[in-house]
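The following exchange examines how structural terms are justified by computed values.

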2 protein chains.
Amino acid sequence: MNKKLLKKIENNEEIVGILGLGYVGLPLAVTFALKNVNVLGFEKNKTKTDKVNKAENYIGDVADEDLQTVIENKKLSATDDFSRIKECDAVIICVPTPLDKFKKPDMSYIESACREIGRHMRRKTFICLESTTYPTTTENLMMPIIEKESGMVHGEDFWLAFSPERVDPGNKDYKTDNTPKVFGAMTDAGREIGMAIYSKAIQHLYPVSSPRVAEMVKILENTYRLVNISLINEMALLAGKMDINIWEVIDAAKSKPYGFQAFYPGPGIGGHCIPLDPFYLEHIAKNYNFDLTMIHAAGHIDNLMPHRMMIKISSALNRQKKAINGSKILFLGVAYKPDIDDERESPALKIMDEVHKKGGLVMYHDPYISEVRTEEGQRYNNQPLSTISEADCVVITTGHSVFDGKEIAEKASLVVDLRNLISEASEKVYKL
Amino acid sequence: MNKKLLKKIENNEEIVGILGLGYVGLPLAVTFALKNVNVLGFEKNKTKTDKVNKAENYIGDVADEDLQTVIENKKLSATDDFSRIKECDAVIICVPTPLDKFKKPDMSYIESACREIGRHMRRKTFICLESTTYPTTTENLMMPIIEKESGMVHGEDFWLAFSPERVDPGNKDYKTDNTPKVFGAMTDAGREIGMAIYSKAIQHLYPVSSPRVAEMVKILENTYRLVNISLINEMALLAGKMDINIWEVIDAAKSKPYGFQAFYPGPGIGGHCIPLDPFYLEHIAKNYNFDLTMIHAAGHIDNLMPHRMMIKISSALNRQKKAINGSKILFLGVAYKPDIDDERESPALKIMDEVHKKGGLVMYHDPYISEVRTEEGQRYNNQPLSTISEADCVVITTGHSVFDGKEIAEKASLVVDLRNLISEASEKVYKL
């Protein structure tokens, strides 16, 4: 009976529901709608649905004019009424999968989405999860919930798949439509339907044999990044002790024409993927009595980075016979990577907390972020760039391309450069 | 006074001495000689010097006809008389830097080379080390030995540099002459002379600010490989427990167009670089009271691989109600990587020892290696490929391209495929 659905897709009559209109869901919804697919966006946060319906964009990777186009053309509308899931032929889940304070995956958003879908979906619905999660989630967590809530049977009444989002915020070359997309369904029918739907929006689909393979793909990609960033951070710390410029080392290693990929040190990992994804795998590995030594070691290094960076600031001040306690410390950049306006999991905030605890007078400047709240609950407002000349120590925490290393080095009395913005170390410039 | 030497180099009148005619030294000697540089090769092993002088090639990465050309043209000759170092304007050291049983660097070859050089060199000699070693070796270990033995002063009477070999045995695209070469001298004069000499043989030189930076570059390159191979080995072991084909996962992850480099699992690391280089750094780090967590974790995983692979063989046999004890186990491939004839540090040999200790009747077939001796002192001769049908279990340990996975799967009664030569797992084919 999936022929009827395939026909509908072929005739462009299907409605695609997207659950969650955040940094993954909204770009995906707009990408589908731009290809003339009818999209219904579901979001519990009414502020967001109102904004979408008024074509007010709130996601950096969505072009304002694209959102306007699809709202005007009525290809996309947003709702907080989840009973309208029954209107959809396909439902794509783009909800958060955070970790709790004990680095345990918080699956409540996925579970809740599955209950809503099970409660409201019609027969012959295609369901796909895009949120990063541990392998086996789709098959062992989602399927039972949806079957129970709906009373329907997977493979007959609905089809489940997993296709990891690969959103790289701020990436100018690769957006939702031209980033190859891995896709793993539970059955052949699910694969056929899913490929038919996704291929309207995504240029290159990469089908794999099962959802668990697709789930593992995303974890591998980001575990690779966590491990390599941690490795280079550790080597940077040692290089500092050995009077070796690690940045020069990395640039020279890049001259090897095969078998090397450069990673750069920094104050630690940030964002919503790399600090989280590997720990989903660590979580499920426990269920198999398996220890992931490399992830554990990488997590260990990363956990220590904010403290080590505070020590670096303290050492730099110490050369000028100053202590952190009572000194004005200005952080340049609180975004977790250059040229974006997102401070989630940013290492800068963690170092600010460490410095604050030692009595430092913390300030920050970031052209893209007007205020922040740290994990320890401290609130800070963006300060003007001119604060550089007042600070006892300027710490470069994000390499925004608008920051001018040379100017910073001239105006500041002391700099701790964690992003290699200033080429030469000196009496007043300390590099990671 | 280095102008005289530079002039000599310009006029192609200099003699370059190369200490050590192994897999690094001989290709380098031939590369220089092919560019009409006069090369004198030093080697304590008289069998090797005789072979070189008779143009009998013993290194896979050297073309027979190239060696014949440079011997006939008298651009290269070999000697075991180290007093002839006094004839050389430049001396390049390509000696081994092994680790002892406690993973401590064995610097005796470098020390001995430095003593020979110090004893015999003339004034105004350029000296460069190519052997992989820990950062600071050139400046803190070599310089004092040479100054003491020679009574000369660095920077006035001789110049020291470090330029890591990047030989990748069996690489068809990158040979000595076209692999970019990192080069770090202690002084500007040393840099000028070294660049003038090396640029005759090497197409792309990448100068860095000091020997210690160049030393660190090589360690970073191979530490990156160790860490990533260990990471993927660990993920492969977990994937096996979760019924996930890790090879499919890696291929899918490769569809990500940025920020990912594929590494493949296997029975462990081998060869003369990756299992060794990171531990030089671990050694020197101790001197700075610094623990290299990532290298330590990677080494830990790698140490356990042979044992884990033995367990895999045992589990496969167990499915057929057999034990290792008394079973015939055939290993396909003992070289440490495909299509080469080198079994140094090969994981196959370590697994063979593990299986032998459990009473397994060990055999091997490798078209490129006629006999081996394991670390435990067992000796084995190459067996014909036809042994496959007699073996209780065939273990694919090296992915030589001549091995036909399909044929192996057909003829063997049981296969443990550690190199993804057989695409489908089955009742009688177990994959890593």
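The questions and answers below concern a predicted model.

Q: Why are H2(A) and H4(A) called oblique to each other?
A: The axes of H2(A) and helix H4 (residues 64-72) of chain A cross at roughly 60 degrees. Angles from 65 to 115 degrees count as roughly perpendicular and those under 35 degrees as roughly parallel. The two helices are therefore oblique to each other. Their axes come within 9 Å, and the crossing is left-handed.

Q: Which residues make the contact of H2(A) with H4(A)?
A: H2(A) contributes Val30(A), Ala33(A) and Leu34(A), while H4(A) contributes Asp66(A), Leu67(A), Thr69(A) and Val70(A). By class, these residues divide into 5 nonpolar, 1 polar and 1 charged.

Q: What makes E3 and E8 of chain A the edge strands of their sheet?
A: The sheet is open and has 8 strands in the order E3-E2-E1-E4-E5-E6-E7-E8 (chain A), with mixed pairing. Strand E3 (76-79) and E8 of chain A each pair on one side only, and they are the edge strands for that reason. Neighbouring strands are turned by 25 degrees against each other on average, direction ignored.

Q: How do you know that strands E5 and E6 of chain A are paired?
A: Two strands pair if at least two bridges are found between them. Strand E5 (residues 125-129) of chain A is joined to strand E6 (residues 158-162) of chain A by 5 bridges, so the criterion is met. The two strands run parallel, and Cys128(A) stands opposite Ala161(A) in E6(A).

Q: What makes helix H2 of chain A a helix that packs on the sheet, and how is its direction related to that of E2(A)?
A: Helix H2 (residues 25-34) of chain A touches strand E1 (15-19), strand E2 (38-42), E3 and strand E4 (90-93) of chain A. Its direction makes about 165 degrees with that of E2(A). Angles over 145 degrees count as roughly antiparallel, so H2(A) is roughly antiparallel to E2(A). Helix H5 (residues 108-120) of chain A also packs on the sheet, touching E1, E4 and E5 of chain A, and its direction makes about 165 degrees with that of E4(A).

Q: How do you know that E14 and E15 of chain A are paired?
A: Strand E14 (residues 415-417) of chain A and E15(A) share 3 bridges in the parallel sense, and the requirement is at least two. Val416(A) stands opposite Tyr430(A) in E15(A). These strands belong to an open sheet of 5 strands with parallel pairing, in the order E10-E9-E13-E14-E15 (chain A).

Q: What is the angle between helix H12 of chain A and E10(A), and what is it called?
A: Helix H12 (residues 347-357) of chain A lies across E9 and E10 of chain A and runs at about 160 degrees to E10(A). With the limit for roughly antiparallel set at over 145 degrees, the two are therefore roughly antiparallel.

Q: Which two domains does chain A have, and how many residues of each are in contact?
A: The domain assignment gives domain 1 (2-209) and domain 2 (229-431). Contact means C-beta atoms within 7 Å, and 12 residues of domain 1 of chain A are in contact with 13 residues of domain 2 of chain A. The C-alpha centres of these domains lie 35 Å apart.

Q: Which element gives the most to the side of chain A that touches chain B?
A: The contact takes 51 residues from chain A and 50 residues from chain B. H8(A) gives the most to the side of chain A, with 17 residues. By class, that side has 32 nonpolar, 11 polar and 8 charged residues.

Technical notes. Residues are numbered from 1 along each chain as its sequence is written. Chains are lettered from A and ligands numbered from 1 in the order in which they are written. This is a predicted model: local features need pLDDT of at least 70, side-chain atom pairs count only at pLDDT 80 or more; totals for chains, interfaces and linings use all residues. Helices (H or I, at least four residues) and strands (E, at least two) are DSSP runs, numbered from the N terminus. Ala, Val, Leu, Ile, Met, Phe, Trp, Tyr, Cys and Pro count as nonpolar, Asp, Glu, Lys and Arg as charged, and the others, Gly among them, as polar. Domain bounds come from an automatic or database domain assignment. Axes are lines fitted to C-alpha atoms, for helices over the stretch in contact, and angles run from 0 to 180 degrees between N-to-C directions. A crossing is left-handed if the near helix is turned anticlockwise from the far one by less than a right angle, and right-handed if clockwise.
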